[in-house]
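Colleague: I have a first-year student with me who is new to reading models. Could you take us slowly through a single part and then show what surrounds it?

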Amino acid sequence: ANLARAAVSLSSMLEGSSVTARQACNLPVGPDAVPVIGAVPGVQGIYVATGHSCWGILNGPATGKALAEQIVYGRSKSVDMKPFSPARFF
């Protein structure tokens, strides 16, 4: 409950949202087990790079490069980011 309140205090867009899972570990993974990387639809200038599970430390440099390209050039030049787009959940 405390973390949910803290999240709402950081972003009013989270007001009224619900917690879908509670767990003690920090092993981020999305519902389809594919990383979520890219622009958040409907929120100008917000990008995410999460859901790598235990592979985040290994894939971090490539994720950073691809996301930086997307931010700077409007698309990644090194990899097709469509499979990782946050838009698949909206």
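How many residues line the largest pocket, and which of them lie nearest its centre?

Modeller: Happy to help, and please keep in mind that this is a predicted model. Let us begin with the idea behind a pocket search: rolling a probe the size of a water molecule over the atoms shows where empty space is left. Here, the largest pocket holds about 1300 Å³ of space. Its lining is made up of 28 residues, and those nearest the centre are Leu14, Ser17, Ser18, Val19 and Thr20. Find these five in the view and you have found the middle of the pocket.

Now look at what kind of residues form that lining. Nonpolar residues account for 20 of them, while 7 are polar and 1 is charged. You can also ask which elements the lining comes from. Helix 1, covering 2–10, and strand 2, covering 47–50, each give at least two residues to it. The largest share belongs to helix 1, with 4 residues.

With the pocket in place, let us follow the chain onward from helix 1. The loop between helix 1 and strand 1 holds Ala33, and this residue deserves a pause. Most residues other than glycine have a negative phi. Ala33 is not a glycine, yet its phi is positive, at about 65°. Its relative accessibility is 56%, so Ala33 counts as exposed.

Asp32 sits in that loop between helix 1 and strand 1 too. Its side chain meets the side chain of Arg88 in a salt bridge, with 2.6 Å from N to O. The count of salt bridges in this model comes to 1. Arg88 belongs to the segment after helix 2, so the pair ties together parts that are 56 residues apart in sequence. Are the two partners buried or exposed? The answer lies in between: Arg88 is partly exposed at 28% relative accessibility, and Asp32 is partly exposed at 35%.

Next, move to strand 2, which we met in the pocket lining, and step into the loop between strand 2 and helix 2, where Ser53 is found. Ser53 also has a positive phi, near 60°, and is a residue other than glycine. With a relative accessibility of 27%, Ser53 counts as partly exposed. The loop between strand 2 and helix 2 also contains Trp55, which is partly exposed at 49%. If you look across from Trp55 to Pro35, 20 residues away along the chain, the C-alpha atoms are separated by 9.7 Å.

Since a tryptophan has come up, you may wonder about rings. A pair of aromatic rings is described by the distance of the centres and the angle of the planes. A search of the whole structure finds 0 aromatic pairs. There is, however, a ring with a charge over it: Lys77 lies over the face of Tyr73, 3.9 Å from the ring centre.

Our last stop is Gly74, in the segment after helix 2. Gly74 counts as exposed, with 58% relative accessibility. Between Gly74 and Ala39 there are 9.9 Å in space, C-alpha to C-alpha, and the two are 35 residues apart in sequence. To retrace the tour, start at Leu14 and its neighbours at the pocket centre, then visit the salt bridge of Arg88 and Asp32, and finish with Lys77 over Tyr73.

Note on methods:
Residues are numbered from 1 along each chain as its sequence is written. This is a predicted model: local features need pLDDT of at least 70, side-chain atom pairs count only at pLDDT 80 or more; totals for chains, interfaces and linings use all residues. Side-chain values use heavy atoms; hydrogens and water are left out. On a 1 Å grid over the protein atoms alone, a cavity is a set of points where a 1.4 Å probe fits but cannot get out, and a pocket is an open set with protein on both sides within 12 Å along at least five of seven lines; lining residues have an atom within 4 Å of a point. Grid points are joined across faces, edges and corners, and a volume is the space filled by probe spheres set on the points. Ala, Val, Leu, Ile, Met, Phe, Trp, Tyr, Cys and Pro count as nonpolar, Asp, Glu, Lys and Arg as charged, and the others, Gly among them, as polar. Rings of Phe, Tyr and Trp (its six-membered ring) pair if their centres lie within 6.5 Å; planes under 30 degrees apart count as stacked, over 60 as edge-to-face and the rest as tilted. A charge sits over a ring if NZ of Lys or CZ of Arg is within 6 Å of the ring centre and within 35 degrees of the ring normal. A salt bridge is a side-chain nitrogen of Lys or Arg within 4 Å of a carboxyl oxygen of Asp or Glu. Buried means under 20% relative accessible area, exposed over 50%, partly exposed in between (1.4 Å probe, protein chains only).
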